[in-house]
Amino acid sequence: MPEKQEYNPGEIEPKWQKHWEEDGLYNAEIDKSKPKFYALTMLPYPSGDLHIGHWYAMTPSDARARYMRMRGFNVMFPMGFDAFGLPAENAAIKNNIHPKEWTYANIVRMREQLRSMGSMYDWRREAVSSDPKYYHWSQWYFNKLFENDLAYRKMSPVDWCPNCNTTLAREQVWGEDRHCERCGTPVIKKDLEQWFFRTTSYAEELLDFSTIDWPDRVVTLQTNWIGRSDGAEVHFTADSDGLSDDEARITVFTTRPDTLWGATFMVLAPEHPLVEKITTTEQSELVHEYVHQAVRQTDIQRESAEKEKSGVFTGGYAINPVNGERIPIWIADYVLMTYGTGAIMAVPAHDERDFEFALKFGLPILPVIDRSDGLTKSFAPIGTTKPGFAQALNELGISSEEDERGLLITIPVDKLDAYLETISAYLQKDAWNEVVGTGWYFIFSDGIIEWDSQESEQRILVRCKKLEPQVAGAHTLMEMLWGEEFYRDALYHHEYGTMIHSGEFSGTTGDVAVQQVNEWLEELGVGKAAINYRLRDWLISRQRYWGTPIPIVYCPEHGAVRVPDDQLPVLLPDDVEWLPTGESPLKLHPTWKHTTCPICDEPAERETDTMDTFMCSSWYHLRYLSPDYDQGLFDPAEYDYWMPVDIYTGGIEHATMHLIYTRFFHKAGRDMGIMQGPEPMSQLRNQGIILGEDSEKMSKSRGNVIAPDELVARYGADTVRAYLMFFARWDLGGPWNSSGIEGTVRWIRRIWNLFSEVGQNGNPSAETTRAMRRKVHQTLRQVTHDFETFEFNTIISALMELLNEMQKAHENGAAGSEAWDEAVDIYLRMMAPVAPHVAEEIWMNLGKPYSIHSQSWPEVDEAAAAEEQITLVVQVNGKVRDRISVPVDIGEEEAKELALSSPAIAKYMADNEPRKVILVPGKLVNIVV
RNA sequence: GCCGAAGUGGCGGAACUGGCAGACGCGCACGACUCAAACUCGUGUUCCUUCGGGAGUGUGGGUUCGACUCCCACCUUCGGCACCA
């Protein structure tokens with residue numbers, strides 16, 4: 001009889017890790033006799049220390065991969081390092097250590113940490129993105145994109161981080177203050193010649209998630225990020241001398257072509273190329289000053305939270321193609337050169353920004369969409385109406401309110417005609433009255449003028465100014481009306497509705513307006529339906545050393561020439577120096593950039609920028625397939641067998657960066673004939689973030705960092721793994737709780753103790769056996785389900801529950817029986833993915849065949865799992881009043897009868913007869929009295 | 001402002017398609033073991049209660065025999081976007 005050992009993870013864990021590795025237990029090879037399963041976890045950056053967040057990401061996904069393996073899949077579960085990047089360079093400057101040295105030392109250390117988790121990584125497939133054999137193929141792929149016009153260089157204003165001394169992609173600029181995603185410094189704008197990937201060519205396809213199972217959260221984030229807007233392009237014509245037809249064409253993008261008739265002015269972005277040409281001599285000084293200031297302001301960053309509208313009139317005019325109106329062209333910084341066409345038609349009546357702008361600068365505002373809520377108002381100041389007006393309104397059923405200035409009238413839509421008639425009759429001779437909201441009328445003593453055009457506005461305005469000196473300063477009717485507080489809610493709206501004041505389109509209802517106008521625009525040749533995306537092309541140039549060199553040579557004769565494939569990789573030089581300025585050492589290197597043109601062999605210069613590291617991480621899942629392959633990105637045989645990735649797990653923070661880039665990379669590769677299939681990753685799941693015990697983000701400066709190495713030293717990896725799976729919902733994460741881990745410590749120790757009890761040839765009662773087997777198979781059913789759906793926390797709680805049950809059975813003499821052995825066997829298999837070392841150790845101690853991790857997942861015995869007796873809840877009026885135990889297959893009538901005859905029920909029924917009895921089979925009986 | 005997610009005991013969290021709210025664990029209390037402590041084991045632990053019960057899943061309403069779950073309105077917290085035409 002072997003002596004009972006203490007549970008000692010410090011001893012058994014390294015032992016098994018070594019054993020598994022030597023046996024190549026987790027090596028993944030192509031095996032066409034089995035279904036494949038490619039499980040992938042986002043790779044870490046080699047910062048030098050694996051923190052608890054890494055463990056939270058990696059151990060549950062490891063458990064899931066192990067589960068799939070036991071389910072009979074040929075599982076590949078690789079790991080690697082995203083090794084290029086800024087922290088290595090920062091360390092270089094700070095500690096005077098070469099980034100390469102720093103990075104590779106960190107990788108050595110982190111491999112050890114990763115091994116201590118006991119994960120089933122196939123290390124033979126490891127890929128490190130800073131190895132020349134890796135970045136060779138990043139460069140090769142760059143060339144492919146360049147050949148296919150998916151990589152291009154252009155001069156443009158780009159976001160620049162003054163702290164990191166490099167440009168950033170739009171996705172890497174975060175928050176309201178537009179700060180650098182890495183260091184938090186607010187970015188500035190710089191005009192630079194930079195390399196871009198044409199991600200926008202794939203905008204539409206990237207919106208299609210129909211072939212993949214990704215979380216709604218990510219789908220929503222990406223959809224918003226790509227930001228599709230449906231609308232129309234409309235060509236306006238600049239009305240200036242000396243412009244060719246082509247030059248005079250100003251195209252705008254609008255989501256509201258149904259409001260075209262309300263376009264009362266145009267606004268160009270200050271950087272718009274046409275600004276120079278249309279500005280008149282009189283306005284030129286103001287315009288130049290504004291442009292200059294606007295450009296500088298973006299440089300300083302648009303800091304002011306309350307952005308007051310600003311702008312300048314260019315002196316130029318444009319013709320609105322739908323009605324021939326001649327409208328002024330302004331410039332303003334609220335129009336962005338980077339979205340749409342950099343020019344807008346302003347419809348102040350139905351766009352809030354345009355409304356604010358028009359009011360501020362006295363530009364005309366013409367409502368062209370009817371209100372759908374029917375709100376209609378009129379204000380009759382004292383002295384403008386004859387006595388009896390209020391009473392006359394009252395008799396009509398029009399409510400009005402009187403204040404010290406006059407009558408505030410809200411007119412029901414169907415009483416509008418009656419109102420116009422009445423006010424006409426009661427209006428004083430030298431007064432006027434107006435109706436706003438639904439219907440726009442000005443009533444004078446000699447007749448009614450409908451405000452339905454800019455022309456009628458002028459007529460009305462002239463008359464009002466004549467009658468009332470107080471409004472003589474108003475530039476527009478809207479400005480005049482806006483002065484009246486009572487009107488404000490009726491003056492502006494941006495809803496869809498019936499078109500008004502829109503020529504032959506007046507009366508077109510909101511549900512068809514956009515489409516009908518679009519068709520008409522196209523017929524006329526002045527516009528067409530169009531789609532715009534918020535997504536921008538991906539800026540990949542970085543002014544840094546520690547990255548993949550962009551394989552381009554600039555020749556005075558031939559321009560940007562790609563380095564031929566057979567001359568790749570363009571190697572990073574090792575002998576570099578860091579200046580405290582933080583400037584890229586690649587640029588300062590004495591010889592590296594001097595080379596010859598691949599075409600003419602004349603002297604030429606290398607591109608000294610490197611690629612965004614997101615380029616490396618866009619395809620690492622392909623490099624794992626064959627990390628040493630030297631004929632391409634990957635060995636096609638490996639690709640054909642393993643791809644696509646079946647499950648991809650990682651943090652939500654990559655939703656709009658990495659996860660868009662990698663989809664773009666794949667789709668572009670597919671179109672270039674390199675890859676196949678619509679998507680690189682079929683299923684995606686995100687884990688949450690672990691916070692410090694103070695509920696704050698973990699950081700060294702806060703001192704709330706939980707170090708996994710210490711936990712492993714103290715409790716063992718199995719316990720830490722189990723706790724990480726148990727302590728929170730995986731997709732939510734949450735604050736760490738140090739004392740909670742005691743629960744999993746006890747759990748594993750209890751398993752250890754209970755399962756190493758030597759069997760006493762127990763002879764449990766049939767009932768004990770039956771109950772235990774039922775619980776075993778019910779638990780198996782749940783654990784299987786929860787592994788499938790990534791509900792790791794309930795896997796552990798179900799196993800704890802079963803252990804409690806088995807403990808009781810053990811006390812009742814179950815040990816040593818056949819059922820007990822079955823229970824232990826199934827238990828160990830179920831816990832093996834969670835706690836691989838201790839499961840293997842107990843498995844071995846029980847004399848079972850090596851390894852538990854090569855065993856199959858057990859099958860649920862449905863007969864054993866079935867209940868015979870169930871507890872039927874008896875409710876009276878929905879309140880639980882009794883519980884009765886009945887056979888599971890009890891008949892409906894019998895169950896109801898039993899419930900009604902329950903003595904506990906009687907007193908709640910009083911003397912009432914049951915009005916209704918509801919039976920939910922297997923669950924409850926509800927008696928309604 | 002727009003888009004999205006989440007609100008359940010002292011805490012983390014359970015509850016499949018509407019059917020016993022609080023599984024499992026932490027913490028706490030009491031007890032056993034111990035000279036004692038730790039470990040371990042056992043019992044209890046949503047709140048109120050006149051011990052009959054009553055209330056209770058962010059708030060207010062609704063649908064239903066029955067609502068954490070469905071519908072409407074609102075509040076709070078978190079995440080994303082933001083002068084995007």
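**Notes on a predicted model: charges, rings and odd backbone spots**

1. Let's start with aspartate 889, which sits in the loop between strand E35 (879-887) and helix H31 (892-900). Keep in mind that this is a predicted model. Is aspartate 889 buried or exposed? Its relative accessible area is 64%, and anything over 50% counts as exposed, so aspartate 889 is exposed. It also has company: Asp889, Glu893, Glu894 and Glu897 form a negative surface patch.

2. Now for charges that pair up. Side chains of opposite charge can pair when their charged atoms come close. How many salt bridges are there? The count comes to 58. One to look up is lysine 100 with aspartate 574, at 3.3 Å from N to O. Lysine 100 belongs to helix H4 (residues 99-116), while aspartate 574 is in the loop between strand E26 (559-562) and helix H18 (585-588), so this pair ties together parts that are 474 residues apart in sequence. Lysine 100 is partly exposed at 36% relative accessibility, and aspartate 574 is partly exposed at 42%.

3. For a salt bridge between sequence neighbours, try arginine 670 and aspartate 671, whose side chains meet at 2.9 Å, N to O. Arginine 670 is partly exposed with a relative accessible area of 23%, and aspartate 671 is partly exposed with 49%. These two also belong to a network of salt bridges that links Glu205, Arg663, Lys667, Arg670, Asp671 and Glu679.

4. Arginine 829 and aspartate 825 make a salt bridge too, at 2.7 Å from N to O. Where are they? Both are in helix H28 (residues 818-831), four residues apart, which is about one turn of the helix. Unlike the partly exposed arginine 670, arginine 829 is buried, and so is aspartate 825.

5. On to the rings. A pair of aromatic rings is described by the distance of the centres and the angle of the planes. The structure holds 57 aromatic pairs. Take phenylalanine 357 and phenylalanine 361: their ring centres are 4.7 Å apart and their planes are at 50°, so the pair is tilted. Both lie in helix H11 (residues 352-361), four residues apart, about one turn of the helix. Phenylalanine 357 is buried at 0% relative accessibility, whereas phenylalanine 361 is partly exposed at 25%.

6. Phenylalanine 787 and phenylalanine 792 show another arrangement. Their centres are 6.4 Å apart and their planes are at 75°; over 60 degrees counts as edge-to-face, so that is the label for this pair. Both of these phenylalanines are buried. Rings can also be chained together by such pairs: Phe142, Phe146, Trp195, Phe197, Tyr202, Trp538, Phe614, Tyr661 and Phe664 form a cluster.

7. Finally, some backbone spots to check. Most residues other than glycine have a negative phi, and most peptide bonds are trans. Which residues are joined by a cis peptide bond with omega of about -5°? They are methionine 643 and proline 644, with proline 644 in the loop between helix H21 (636-642) and strand E30 (647-651). Tyrosine 850 and serine 851 are also joined by a cis bond, with omega about -10°.

8. Two residues have a positive phi without being glycine. Aspartate 149 has phi near 60° and lies in the loop between helix H5 (132-147) and strand E5 (151-161). Asparagine 877 has phi of about 50° and is found in the loop between strand E34 (869-876) and E35. Aspartate 149 is partly exposed at 46%, and asparagine 877 is partly exposed at 44%.

How values were computed. Residues are numbered from 1 along each chain as its sequence is written. Chains are lettered from A and ligands numbered from 1 in the order in which they are written. This is a predicted model: local features need pLDDT of at least 70, side-chain atom pairs count only at pLDDT 80 or more; totals for chains, interfaces and linings use all residues. Side-chain values use heavy atoms; hydrogens and water are left out. Patches are made of residues with over 30% relative accessible area and no salt bridge: like charges are joined within 9 Å, nonpolar side chains (Val, Leu, Ile, Met, Phe, Trp, Tyr) within 5 Å. Accessible areas come from the Shrake-Rupley method with a 1.4 Å probe; for residues, only the protein chains shown count as cover. A salt bridge is a side-chain nitrogen of Lys or Arg within 4 Å of a carboxyl oxygen of Asp or Glu. Lys and Arg count as positive and Asp and Glu as negative; His and the chain ends are not counted. The place of a charge is taken as NZ of Lys, CZ of Arg, CG of Asp or CD of Glu. Buried means under 20% relative accessible area, exposed over 50%, partly exposed in between (1.4 Å probe, protein chains only). Rings of Phe, Tyr and Trp (its six-membered ring) pair if their centres lie within 6.5 Å; planes under 30 degrees apart count as stacked, over 60 as edge-to-face and the rest as tilted.
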